[in-house]
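Student: Let's zoom in on a single part of this one. Please walk me through it slowly, and tell me what sits around it.

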Amino acid sequence: MDQIRNFRDFLRLYNQISDTCFTRCTNTFTTRDIELDEANCVDTCAQKFIHTNHRVMEVYMEVQAAIVQKRIDEMNAAQAAIEAKSAEEQNVEVVK
């Protein structure tokens, strides 16, 4: 399932880049060939998208690690609180 989701994400990104770069870079439809300025524009446009996507993924990986660590700390604190409450209840029962 993860492979299918990753492939879908890749195709979605590919289609978005294709659509955006085509819209930005296509000047005329008078010839079947891609003109040099159009080819250069497409190359530049695609490189910008790829670079931006890589940068976003780097930041996401950094932030995701911090979020996971925060959740682990919160769960550990909650577990410690539960254990402390349980121990306190056991102490109260012993005293009675």
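Tutor: First, a cut-off we'll lean on: a disulfide here is a pair of cysteine sulfur atoms within 2.5 Å. In chemical terms, that's a covalent bond between the sulfur atoms of two cysteines. Keep in mind that this is a predicted model, so every number below is computed from predicted coordinates.

Let's take helix α1 and whatever it is bonded to. Helix α1 covers residues 2–25. A quick geometry check first: with 24 residues at 1.5 Å a residue, α1 should span 34 Å, and its end C-alpha atoms are indeed 34 Å apart, so the two values agree. If you wonder where the 34 comes from, the expected span is 1.5 Å times one less than the number of residues.

Now, the covalent links. How many disulfides does a search of the whole structure find? It turns up two. One of them joins cysteine 21 to cysteine 45, with the sulfurs 2.0 Å apart. Cysteine 21 sits in α1 while cysteine 45 sits in helix α2 (residues 36–95), so this pair ties together parts that are 24 residues apart in sequence. The torsion about its S-S bond is -90 degrees, and the link is left-handed. As for cover, cysteine 21 has a relative accessibility of 3% and so counts as buried. Its partner, cysteine 45, is buried as well, at 4%.

The other disulfide joins cysteine 25 to cysteine 41, again with an S to S distance of 2.0 Å. Cysteine 25 belongs to α1 and cysteine 41 to α2, so this bond ties together parts that are 16 residues apart in sequence. Its S-S torsion is about -70 degrees, which makes this disulfide left-handed too. Here the cover differs between the partners: cysteine 25 is buried, with a relative accessible area of 3%, whereas cysteine 41 comes out at 29% and counts as partly exposed. The cut-off that matters here is that buried means under 20% relative accessible area. Count the bonded cysteines along the chain and the pattern reads 1-4, 2-3.

Apart from those bonds, what else comes close between distant stretches of sequence? Take serine 18, which is also found in α1. Its C-alpha atom is 7.9 Å from that of alanine 46, although the two are 28 residues apart along the chain. Serine 18 itself is partly exposed, with a relative accessible area of 31%. For contrast, the buried residues of α1 include Ile17, Cys21 and Cys25.

There's also a nonpolar side to what α1 shows on the surface. Phe7, Phe10, Leu11 and Tyr14 form a nonpolar surface patch with about 430 Å² of accessible area together. Phenylalanine 10, one of the patch members, lies in α1.

Next come the charges. Side chains of opposite charge can pair when their charged atoms come close. The whole structure has three salt bridges. In one, aspartate 2 meets arginine 5, at 3.3 Å from N to O. These two lie in α1, three residues apart, or about one turn of the helix. Arginine 5 is partly exposed, with a relative accessible area of 44%. In another, aspartate 9 pairs with arginine 12, their closest N and O atoms being 3.1 Å apart. Here too the partners are in α1 with a spacing of three residues, about one turn. Aspartate 9 is partly exposed at 35%, but arginine 12 reaches 53% and counts as exposed.

The remaining bridge is in α2: arginine 55 and glutamate 58 meet at 3.3 Å, N to O. Being three residues apart in α2, they are separated by about one helical turn. Arginine 55 is partly exposed, at 44%, and glutamate 58 is partly exposed with a value of 44% as well.

Finally, the annotation. A UniProt entry, unreviewed, places "domain: Tim10-like" at residues 3–61. Over that range the chain is 83% helix and 0% strand, and the end C-alpha atoms are 19 Å apart.

Terms used: Residues numbered from 1 in each chain as written. Predicted model: local features only at pLDDT ≥ 70, side-chain atom pairs only at ≥ 80, totals over all residues. Heavy atoms only, no water. Patch = residues over 30% accessible without salt bridge, like charges linked within 9 Å, V, L, I, M, F, W, Y side chains within 5 Å. Areas by Shrake-Rupley, 256 points an atom, 1.4 Å probe, with all protein chains shown as cover. Salt bridge = Lys/Arg side-chain N within 4 Å of Asp/Glu carboxyl O. Helix = DSSP H or I, 4+ residues; strand = E, 2+ residues; numbered from the N terminus. UniProt positions renumbered as here; feature names shortened; annotations may be inferred. Buried < 20%, exposed > 50% of the residue type's maximum accessible area, 1.4 Å probe, protein only.
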